[in-house]
Amino acid sequence: YHSLTGSLSDTRVLKETLKELGLSHCTKVDGNLKELADFPMLRAISLHGCKNIVGDIRHIRSGDFQSIESMGLPASVWGGGDLPSIEETPDIMHAWYILKKQHSKVFTNMRLGLSLDSPERYDNNVHHSRVMPSLVEFVQAGNRLGWRWTNCVFGGACETNWLDPEPSNLSLRYTKELQKIVDDVTFYEGFFAPPTQGEHLQRYSEFRGW
């Protein structure tokens with residue numbers, strides 16, 4: 001299966017009926033993500049590891065990928081794959097946010113991680129609940145969307161980078177969902193991005209003294 005060859009354009013004969021496309025790690029398949037944008041029934045795309053498929057999620061326009069619910073992309077597509085750096089992550093998450101506002105199911109139960117090759121990564125040999133928050137995820141309170149860094153252990157999330165304004169009317173649902181998000185921020189309180197290695201060690205020392 002991984003030896004499959006061809007191009008994304010070859011799938012256009014199935015344009016009107018194709019619902020799922022799984023080509024993960026088919027490194028001999030090439031093409032551009034935008035070649036799938038007008039497939040009206042396409043719900044799920046899995047292109048992880050397809051290094052010869054390129055594209056840019058910033059180029060996805062309103063009306064593209066009308067039925068999409070799941071989109072797994074390779075690193076060769078801008079915004080797909082691992083995060084190249086902490087500094088570039090806000091732009092990547094904002095691009096995903098625009099797509100998610102059009103298609104709410106995209107990026108559900110999905111996280112992106114800081115590249116293992118990033119010089120910003122570190123391992124301070126601490127308890128697993130205090131490891132570097134190297135993953136990003138969307139969070140939602142009511143209809144308000146934001147994103148944050150996390151290590152996926154309760155209490156191991158950074159502060160939320162909100163992309164939508166706070167609603168003028170604070171419903172009970174919004175308040176409860178917001179509180180759940182806030183309660184997950186303890187060790188990294190005050191940090192909106194992963195701390196440096198030195199900052200992390202300082203915070204760890206402070207917590208051990210409490």
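1. Gly31 has Ile53 of strand 5 as its bridge partner. In this predicted model, strand 3 (residues 28-32) and strand 5 (residues 53-56) run parallel and are joined by 2 bridges.

2. Strand 5 also pairs with strand 7 (residues 77-78), again in the parallel sense and over 2 bridges. Here Gly55 is the residue that stands opposite Val77 of strand 7. Strand 5 therefore counts as paired with strand 7, given that two strands pair if at least two bridges are found between them.

3. A separate point concerns the open sheet of 4 strands, whose order is 8-9-10-11 and whose pairing is antiparallel. The edges are taken by strand 8 (112-113) and strand 11 (161-162); each has a single partner strand, so one side of each is left without a neighbour in the sheet.

4. At the strand 8 edge, the partner is strand 9 (residues 135-141), and the antiparallel pairing rests on 2 bridges. One of the residue pairs can be named: Leu112 has Val136 in strand 9 as its bridge partner.

5. What lies across strand 9, strand 10 (144-150) and strand 11? Helix 2 (residues 172-183) does, and the helix runs at about 155° to strand 9.

6. On the level of the whole chain, there are 3 helices and 11 strands. Their order along the sequence is β-β-β-β-β-β-β-α-β-β-β-β-α-α. A reader who wants to place the elements above can follow that pattern from the N terminus.

7. As to extent, the C-alpha trace spans about 65 × 45 × 25 Å along the principal axes of the chain. The chain has 210 residues, and 44% of them count as buried, the cut-off being under 20% relative accessible area.

8. Contacts were also sorted by distance along the sequence. Among those in the chain with a separation of 6 or more, 55% come from residues 24 or more positions apart.

9. The area exposed by the chain is about 11,500 Å², and 50% of this is supplied by carbon and sulfur atoms.

10. On charge, the chain carries 22 positive and 26 negative side chains. The centres of these two sets lie 5 Å apart.

Methods: Residues numbered from 1 in each chain as written. Predicted model: local features only at pLDDT ≥ 70, side-chain atom pairs only at ≥ 80, totals over all residues. Heavy atoms only, no water. Buried < 20%, exposed > 50% of the residue type's maximum accessible area, 1.4 Å probe, protein only. Contact = heavy atoms within 4.5 Å. Areas by Shrake-Rupley, 256 points an atom, 1.4 Å probe, with all protein chains shown as cover. Lys, Arg positive; Asp, Glu negative; His and termini not counted. Charge placed at Lys NZ, Arg CZ, Asp CG, Glu CD. Axes fitted to C-alpha atoms, helices over the stretch in contact; angles between N-to-C directions.
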